Amino acid sequence: MGLAASLSGVQQGAVMNTSLYRPVGLFELQKLVRAELRAWPARLPQQPIFYPVLNRAYAAQIARDWNLDDPESGFSGFVTCFRVPRAQIAGYKTRTVGGKGHKELWVPSEELAELNAAMLGPIEVLEGWAGPRFAECCPRPLPPHAEGRVLERFLDGLADLDLKAWRPALLKD
């Protein structure tokens with residue numbers, strides 16, 4: 001594998017693959033776990049675009065700096081990673097939405113099932129953060145920053161929790 005391939009993706013035979021990242025909140029994370037980390041949930045009608053980001057640092061910034069105060073995110077943020085063949089995403093637009101490192105891939109929501117089918121392996125949950133109001137949304141404790149075994153223990157059994165009972169009253173189904 002040449003230097004260019006190692007910097008831009010993983011080469012398996014003649015197919016180039018790439019890693020994409022997505023910051024998610026607690027409720028989307030639970031949907032992922034219920035799907036055994038194999039598929040992104042369908043978008044809501046008000047969400048016409050599925051937008052993974054192109055680097056982990058930007059995903060972490062969103063998860064850590066924006067989601068922790070957001071009740072729709074369960075006052076928490078998690079960084080996920082998934083891999084797809086580069087050819088699968090070649091036709092999608094990349095948008096810079098702020099600084100140079102703030103790049104997103106814009107996938108129309110009606111094409112999400114096709115992207116899910118092209119994923120190479122499960123979605124990985126790399127790290128997570130819990131805001132001060134996290135306990136209002138989830139009975140399971142999570143430290144302010146979690147990764148590795150602590151995060152694995154948090155994810156274990158998450159699919160079985162009834163988070164609706166813990167959601168703040170201001171959240172809608």
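On one side of helix α6, the residues R149, E152 and R153 are exposed. The helix spans residues 148-155, and its buried residues are L151, F154 and L155. Viewed down the axis of α6, these buried residues fall within an arc of 95°, so they line one face of the helix. That face has several packing partners: the buried residues of α6 pack against α2 (26-34), β4 (76-85), β7 (124-130) and β8 (145-147). After α6 comes G157, which has a positive phi, near 90°.

The structure described here is a predicted model. Its average pLDDT is 86, and 86% of the residues score at least 70. Two segments call for separate mention. Over residues 1-14, pLDDT stays under 50, and the model has 18 contacts for this segment beyond four places in sequence. Over residues 169-173, pLDDT likewise stays under 50, with seven contacts beyond four places in sequence.

From helix α6 the description can pass to the interior. The largest nonpolar core has 35 residues, of which L26, L29, W40, F82 and F154 touch the most other members. Two or more residues are given to this core by each of β2 (15-24), α2, β4, β6, α5 (112-118), β7 and α6. Helix α2 provides the largest share, five residues. The surroundings of L29 illustrate the packing: leaving aside residues up to four places away in sequence, L29 touches V24, F78, V125, F154, L155 and L158. Among these contacts, F154 and L155 are also buried residues of α6. A second core, separate from the one just described, comprises twelve residues, including V53, C81, L126 and W129.

Strand β6, one of the elements that give residues to the largest core, also takes part in a sheet. This open sheet consists of three strands in the order β3-β6-β5, with antiparallel pairing. Strands β3 (49-50) and β5 are the edge strands, each pairing on one side only. Between β3 and β6, the antiparallel pairing extends over two bridges, and I49 stands opposite P108 in β6.

On the other side of the sheet order, strand β5 (residues 93-96) runs antiparallel to strand β6 (residues 103-108), and four bridges join the two. T96 has K103 in β6 as its bridge partner. Together β5 and β6 form a hairpin in which six residues lie between the strands. Within the turn, G98 has a positive phi of about 140°.

Methods. Residues are numbered from 1 along each chain as its sequence is written. This is a predicted model: local features need pLDDT of at least 70, side-chain atom pairs count only at pLDDT 80 or more; totals for chains, interfaces and linings use all residues. Side-chain values use heavy atoms; hydrogens and water are left out. Two strands pair if DSSP finds at least two bridges between them. Buried means under 20% relative accessible area, exposed over 50%, partly exposed in between (1.4 Å probe, protein chains only). The arc is that of the directions from the helix axis to the C-beta atoms. Contact means heavy atoms within 4.5 Å. pLDDT is the predictor's confidence in each residue, from 0 to 100. A nonpolar core is a set of buried Ala, Val, Leu, Ile, Met, Phe, Trp, Tyr and Cys residues joined through side-chain atoms within 4.5 Å.
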